[in-house]
Structure formats: C-alpha cells, structure tokens
2 protein chains.
Amino acid sequence: MERIKPRTLSGFMELLPPQQVLFDRMVDTLRKTYSLYGFTPLDTPAIEASEVLLAKGGGETEKQIYRFTKGDTDLSLRFDLTVPLAKYVALHSGELTFPFRRFQIGKVYRGERAQRGRFREFYQADIDVIGDGSLDILNEAEIPSIIYKTFTALGLKRFQIRVNNRKVLNGLFDLLGLKEQAGDVMRTIDKLEKIGPEKVKELLVNDFSVPADTADQLLALLSTSDPMGALDQLKGKNELFDQGVEELSTVVNYMSAFGVPADHYQVDLTIARGLDYYTGTVYETTMLDHPEIGSICSGGRYDNLAEYYTNKQLPGVGISIGLTRLFFVLEDQGYLNPDVLTAPADVLILPMTEDLTAAIAFATALREAGIRAQLHGEKKKFKQKLSYADKLSIPFAALLGEDEIAQGKVTVKNLATGEQQTLTSEEAVELVRSTLAARPAACPIQDR
Amino acid sequence: MERIKPRTLSGFMELLPPQQVLFDRMVDTLRKTYSLYGFTPLDTPAIEASEVLLAKGGGETEKQIYRFTKGDTDLSLRFDLTVPLAKYVALHSGELTFPFRRFQIGKVYRGERAQRGRFREFYQADIDVIGDGSLDILNEAEIPSIIYKTFTALGLKRFQIRVNNRKVLNGLFDLLGLKEQAGDVMRTIDKLEKIGPEKVKELLVNDFSVPADTADQLLALLSTSDPMGALDQLKGKNELFDQGVEELSTVVNYMSAFGVPADHYQVDLTIARGLDYYTGTVYETTMLDHPEIGSICSGGRYDNLAEYYTNKQLPGVGISIGLTRLFFVLEDQGYLNPDVLTAPADVLILPMTEDLTAAIAFATALREAGIRAQLHGEKKKFKQKLSYADKLSIPFAALLGEDEIAQGKVTVKNLATGEQQTLTSEEAVELVRSTLAARPAACPIQDR
C-alpha cells in the first residue's frame with residue numbers, strides 16, 4: 001500500500017497527552033473563574049456566511065481569513081469571537097436578557113505568516129458584558145478584578161494589569177490641539193514601548209506636524225509616575241477629557257474594593273489599543289518577566305457591538321485571552337507546573353489470573369468512588385506493565401494475583417514511594433482516595 | 001449605515017444560553033465518565049492537509065467534505081475524529097505509550113443536504129483504545145460498560161446496547177456458502193430493521209443469488225431469541241466463526257461483571273456496521289422509546305487504525321457519540337431536564353446606594369466561597385432588576401440598602417420561595433451555599 005506521510009499543518013498546535021491535560025486544566029480554570037462572575041457559556045459555529053462575518057469589511061485581518069465556497073455558499077472561518085458575538089446578539093436579541101454576560105472559549109482561524117509561536121488555529125477565551133442602550137461603568141471597573149482572579153487561579157503571579165481610557169486620550173488630543181491628527185498620534189504613542197520616546201517624538205513632529213513643545217508635553221504626561229495627579233491638573237478644559245478622567249478614577253477607585261493588589265495594576269496612558277473600536281476603558285496585561293511577549297489579555301469598552309447588523313445600540317465591555325499563544329509561551333519559558341497530575345488514570349489495575357472478575361469488580365469500585373482506573377489486560381510481562389504505569393506517571397498500581405483473590409483482597413502499590421499494602425477493596429479505595437486528596441492542589445502555571 | 005441581516009448558516013447549531021448550559025453539562029459528564037476509565041483528553045486541529053485527511057480516499061463522505069485552498073495549500077475540515085486520531089498516532093507513535101486510550105470531543109464538518117435534525121457542523125464524542133501490534137479482548141468487553149455508565153450518568157434510562165461480532169458474521173457467510181456475496185449480504189442485513197425480513201429475503205434471493213433456503217436459515221438465525229445458543233450449535237465448522245463466537249461470549253460474559261444490567265444489552269446478529277473497517281465486536285445503542293432515531297452510540301473493533309500512514313500494526317476499539325444530533329433529539333423529544341440550574345449566576349447582587357463598596361465586598365465573599373455572583377449596577381428600577389433575576393432563573397437576590405450597610409448586613413431573598421432574611425455576610429454566604437448544596441443533583445437528561 002502506498003503510504004501518506006502523516007503530518008500536522010504548520011501553525012496548528014497539536015499537543016502530546018501530558019501537555020493536553022495542562023492545556024485543558026487552563027481551560028477549566030478559565031471556565032470556572034468566568035462562571036464565578038456570572039458569565040454564561042456560549043458556543044457559536046466556526047463557519048459563518050462571509051457576508052455576515054465580513055460585514056465590517058476591510059482591515060488587516062481580511063487577507064488572513066480562511067474563505068471558501070461550498071456549493072454556491074460563500075463561507076468564512078471565524079477569525080475572532082467578537083464578530084460572531086455581535087451576530088449572535090443581533091440575531092437573538094429578543095430572546096436574550098440584558099445586560100448579557102457571556103464567556104466563550106473556542107478556536108479561531110487566521111492565515112498568518114507561519115512563524116514560531118504564531119498560530120493559524122488558536123483558542124481565544126473571551127468574556128463580554130453587553131448592555132441594551134446603556135451599560136454602567138461598574139462593568140468596566142469589575143473587569144480588572146476578573147483578569148486578576150483569572151491569572152491568579154491559573155497560578156501566574158508576576159503580571160500587571162494596565163488600564164487607560166480612550167476618552168482621556170481623545171480629550172487630551174483635543175486639549176493639545178491635535179484633534180485632526182488624533183488617529184495618527186494614537187497609533188504612534190502605541191509604539192512607545194517598542195521604539196522609545198525619542199523616536200516617537202521624531203515621528204510626531206516630522207510625520208504628523210505636532211509642534212515640538214506639544215510633543216514634549218504629551219510625552220512628559222505619558223511617562224509621569226503619577227498619571228492620575230497629572231490628569232487632574234488638566235481638568236476643566238475639555239468635557240470628553242473630564243469624563244474620561246472621571247471614568248478612569250472610578251475604575252481605579254474600585255480596583256482595591258474588588259481586591260486587586262496595588263502592585264498588580266497601573267494606569268498607563270500609553271495604552272491606546274490600535275483598533276478604532278474602543279471608546280472608554282481599555283486594558284492590557286503583561287507578564288512582568290516577559291514584557292517582550294506583549295499583552296496576554298486585552299480588551300476594553302466599546303459603544304456599539306453590532307452596528308453592522310442592527311440599529312439597536314449595544315454598548316459593551318470585554319476582554320480576550322489568546323490561549324494557544326499563551327500556552328506556547330508558558331511551555332517555552334518553563335512555566336508549566338510539573339506537579340499537575342497528567343496521568344490518564346489514578347490506578348492501573350494489573351490482573352494476574354485468567355479470570356478477570358475480581359479485577360473488574362475492583363475497577364468498578366474505584367470508578368464509583370470517582371477514582372480514574374484503567375484495567376491493563378494485555379498479555380505483557382509484569383515488569384512491562386509496571387513500566388507502562390511509570391511512563392504515564394500513574395500514581396498507583398493494583399495487583400490482583402491468586403493469593404489476593406483467595407483472600408478477597410488487593411495489593412496496592414504507591415508507585416511514587418514504592419510502598420505496597422494488601423487490603424480489602426474498601427480499604428484500598430480509601431487509601432487511594434485519601435492519598436490523592438492529600439496532594440496539594442496544583443495550578444497549571446508555576447510562577448516562582 | 002447599510003446593515004447586513006444577521007443569520008446563522010443552516011445546518012449549524014447555535015443554542016440560547018439555557019440550552020447551551022445543558023449541552024455543556026452533557027459534555028462535562030462525558031469528559032468525567034471517559035476519564036474514570038483511564039482515557040486521556042486529546043485535541044487535534046479542525047483543519048488538516050487534504051492529502052493527509054483523504055489518504056484513505058473515496059467513499060460517501062468525500063463529496064461532503066469542506067475542502068479549499070489557502071495560498072497554495074490544499075486543506076480540508078475534518079469529517080470525523082478517527083482519521084485525525086490515525087494521523088496523530090502514526091505521527092507521534094514514538095512519544096505515545098500503548099495501549100493508548102484517548103477521548104476527544106470536538107466539532108467535525110460534513111456538507112450534508114440540509115434537513116431537520118441533520119447538522120453540517122457537529123460535535124462527536126469519541127473514545128478509542130489503540131494497541132501496538134495487539135490488543136486484548138478485555139478492551140472490547142469493557143466498552144459496553146463505558147456506554148452504559150455514560151448514558152446513565154447523562155440521565156438516560158431506557159436505552160439498549162446491542163453487540164455483535166464481525167467474525168461471527170463473516171464466518172457465518174462462509175459457513176452458508178455466501179463468501180462471495182458477503183459484503184452485499186451484510187449491507188442487506190443492515191437494512192433488516194428498516195425494511196423487514198420479507199424485503200431482505202427478496203433482495204438476498206433476487207439481487208445477490210442467495211438460495212431461498214439459505215436466506216431462510218440466515219433470517220431465522222438473525223431473529224432468534226437465543227442468539228448465543230443458536231451460534232453454539234453451528235460451532236466447529238469454521239475457524240473464523242468459532243473465534244467470533246468465542247469473542248462474543250467473552251464480551252457477553254464480562255458484561256455483568258462490569259455491572260451492565262441484563263435489560264440494557266442484547267446480542268443482535270443483525271448489526272453489521274456498514275463500514276468495512278470493523279473486524280471484531282461491533283456496538284450500537286438505541287433509545288428504546290425512539291428506535292426511529294437509530295444508533296446514538298456506535299463503534300467497534302478494528303485491526304488497523306493507521307495503515308494509510310504507517311506500517312505499524314495498530315489495532316483498536318472505539319465508539320462515537322454524535323452529540324449535536326443527540327442533543328437535538330433530546331430537546332425535540334422533551335428529554336432535557338428542567339431541574340438543571342441554567343442561570344448564569346447563583347446570586348444577583350442589587351446595590352441600592354451610590355457607594356458600591358459593600359456590594360463589591362459581598363460579591364467577593366460569595367465568589368471566594370465558589371458561589372457565582374453578579375453585580376447588577378445598571379440604573380434600573382428595583383422591580384426591573386428583580387425581573388432580570390427572574391428571567392434568568394437566578395435563585396437568589398441580595399439587597400444592599402443603606403439600612404443593611406449601616407448594620408453591616410445584607411438581605412438575601414430566595415426568589416423561588418420569596419423568603420427573605422437580613423444576615424451578616426458570612427451567614428448569607430452560608431445560607432446560599434447550603435441551599436444550593438441541598439438541591440438534588442440534576443442530570444442533563446430526564447428520562448421518565
């Protein structure tokens with residue numbers, strides 16, 4: 001037979017079992033944390049009609065979209081979870097209750113240039129709160145605490161949530177007489193961390209006709225160690241600016257009430273979030289020891305989720321975690337916690353007699369106690385079976401030979417300690433249960 | 001602005017939040033049950049190189065495949081989880097430990113003719129055990145108990161697992177002198193339930209030259225109430241047949257040791273499973289009250305998982321549940337359990353003062369106790385907020401007015417009973433926790 005060389009497409013993550021367990025643990029942690037904040041799970045198709053998905057049209061992403069026809073239907077794979085959410089809310093608005101809080105964790109597709117750590121199929125983990133007509137600032141203030149809780153639950157310690165407000169930026173540009181260049185100035189500021197203040201000034205002055213002293217004033221403001229104080233001094237001159245400062249103060253003031261420690265957040269006036277989409281608070285989250293990775297959780301407030309589909313005004317606030325890339329980085333940088341039990345089973349049962357009834361009964365007893373059990377029925381040497389358990393990091397082996405069966409017992413071997421005991425089935429189940437329960441809870445990330 | 005009419009493609013399931021919660025509950029139940037049997041979770045890309053995915057080529061499914069090019073790469077969306085598993089095992093065989101037991105729950109794509117209850121994007125929930133070179137019959141014997149446990153955990157009661165063995169069928173055809181027509185005979189038998197014995201006999205005799213008395217003998221055997229007894233009488237004439245009967249006996253004998261009640265399984269010699277793929281035990285599962293739906297969980301033993309990719313002999317056994325279709329049927333037939341709490345939160349917190357610090361602190365206390373809490377910060381009337389909780393079936397409201405805050409308390413209202421109490425934060429958390437814990441555990445399916 002002619003054989004095809006098996007391969008996985010470049011840019012598509014495919015994990016080995018232990019890594020997959022860790023990835024799934026991360027997903028479970030996100031689901032659980034998001035649920036604690038009252039978000040309901042959602043799932044939408046990976047394929048949408050191109051006309052619907054690309055209603056907004058144009059932009060950087062369009063070239064990257066997987067678009068094709070089936071029969072005579074023009075289809076596209078979703079490239080984010082926001083556009084499908086907009087469609088979902090517009091389509092089902094009559095059946096939803098607002099504010100609508102949903103989380104969605106799913107695969108999205110972008111045909112980016114293949115590059116290490118860049119993926120063409122990747123998971124996004126999003127939450128959004130959508131209001132009908134209006135949405136209180138409290139929702140914007142709550143988001144940083146969700147970010148904090150989420151990463152803490154994953155086990156990450158050294159990260160920082162950066163917040164800004166688009167009204168502050170836009171108002172500031174008005175104040176400084178930069179209204180016309182606002183978009184260009186914002187995009188230039190966004191590069192501050194990458195290219196430094198001198199380069200930014202050069203661009204502002206030379207490319208966008210910003211007066212040199214205005215550029216200096218702007219850069220001074222952006223780099224101050226007391227941004228809220230500096231903003232306060234500029235108040236009373238521009239309505240939008242004042243509103244932005246007010247919102248930003250509210251968000252910051254509630255931060256500690258929500259339990260976000262002071263060293264885990266920062267007002268950062270340089271954050272603009274490229275997209276024109278955001279209109280209020282914006283968020284970025286960085287790993288303190290790996291700033292080069294960029295933001296691992298971003299989002300913000302927008303005024304109109306679904307304007308391409310409905311004349312309903314649907315303001316919202318949301319954040320997104322690029323989970324596949326984050327997982328890649330964590331593995332790459334040695335952050336995955338080796339203490340997480342990645343074995344497919346807690347107990348490997350090794351029957352040593354022809355009749356398997358006793359082994360099956362013990363497997364059933366374990367499973368009924370919620371313990372994961374695997375029967376090893378292959379015709380292999382005993383040593384090979386133990387080595388199987390070892391390779392898979394299965395913590396216990398249960399031996400059922402003629403002696404054990406005659407006594408109605410089972411020998412349980414703790415494969416970490418080597419200790420073994422011959423016990424009744426009930427005792428054995430209890431031993432395994434209590435040993436597993438005594439393992440310290442392990443987060444998927446280990447951050448020293 | 002020109003607006004695009006939002007729509008979801010026909011054949012693509014998109015659920016409203018309460019249904020989504022039930023669907024996710026089903027997925028969680030499957031994950032948990034599969035894990036108890038020592039299966040490790042796996043995730044593979046939804047897109048594969050067409051050359052890899054279609055290595056086996058041809059067949060019914062090929063027309064249904066979503067195939068397209070991106071750049072100059074010929075790509076296809078997976079149409080099942082078995083071919084990606086074959087690729088995975090062939091590609092990573094050096095890094096896997098055999099027997100390799102994996103479960104995978106993921107979306108697959110088939111461009112079928114749109115039809116009520118037929119989906120183009122649907123979840124499959126698969127388990128497979130893959131051996132390296134050999135695989136013990138114990139694995140085949142364990143599968144029915146996994147099917148039993150899975151559906152029982154979902155809440156389904158009236159279902160039946162049907163088992164057969166392809167060696168029995170193939171051996172039987174040899175015995176009856178039907179070796180040459182074996183494939184045609186098997187496909188015809190497969191229609192027995194649909195078209196009845198007379199029609200089957202007609203087809204066998206007229207289209208496939210089966211002698212009338214042989215057709216009668218075959219049909220008598222297929223409809224006997226004691227299939228194992230009837231098979232025993234034919235033993236000793238054909239090696240393959242004898243081996244099949246032996247395997248089938250083993251599977252049946254272990255069934256009760258594995259705890260499958262006698263009324264939940266049946267040897268059914270008419271089950272052939274269309275595909276040429278299976279070589280030993282085959283399984284189907286039917287809902288007793290809805291035989292028209294066909295099998296809701298099928299699979300079997302195969303001798304060579306990945307022959308298109310590797311010369312390694314990789315025998316296995318697996319089953320698959322078409323989860324999206326099953327969910328559709330369950331909802332359609334009124335099987336979804338109304339007692340499952342589908343609310344996005346357990347407690348809706350209604351702050352009634354300008355300062356939200358107390359409300360935020362109570363939300364934090366609830367979340368730290370693992371209770372799902374939502375802060376309702378919108379500027380709405382109190383009655384509207386209670387109606388919000390009601391629409392979403394949120395079980396508790398927590399009221400924080402000036403009086404409560406002055407006393408350091410919170411008023412908790414049980415929205416099912418109308419009862420309300422003013423308590424300390426700790427007492428309130430405990431009241432909610434204990435009330436929720438006292439709710440009877442609800443399976444996603446309610447089967448009377």
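This passage looks at two buried residues and one pair of packed helices in a predicted model. Residues are numbered from 1 along each chain as its sequence is written, and chains are lettered from A in the order in which they are written. Local features need pLDDT of at least 70, and side-chain atom pairs count only at pLDDT 80 or more, while side-chain values use heavy atoms, leaving out hydrogens and water.

A good place to start is chain B, where B:Leu53 sits in helix α2 (residues 50-53); helices are DSSP runs of H or I with at least four residues, strands are runs of E with at least two, and both are numbered from the N terminus. B:Leu53 has a relative accessible area of 3% and is therefore buried (under 20% relative accessible area, 1.4 Å probe, protein chains only). Beyond its neighbours within four places in sequence, its contacts (heavy atoms within 4.5 Å) include B:Phe79, B:Val83 and B:Tyr309.

Also in chain B, helix α1 (residues 17-36) packs against helix α4 (residues 137-154) at about 145°, the axes lying 9 Å apart. Axes here are lines fitted to C-alpha atoms over the stretch in contact, and angles run from 0 to 180 degrees between N-to-C directions. Among the residues making this contact are B:Met26 and B:Leu30 of α1(B) and B:Ile146 and B:Ala153 of α4(B).

Turning to chain A, A:His264 lies in the loop between α10 (239-257) and β8 (265-267). This histidine is likewise buried, at a relative accessible area of 12%. Leaving aside neighbours within four places in sequence, A:His264 touches A:Tyr148, A:Lys157, A:Phe159, A:Gln160 and A:Ile161.

Key:
Buried < 20%, exposed > 50% of the residue type's maximum accessible area, 1.4 Å probe, protein only.
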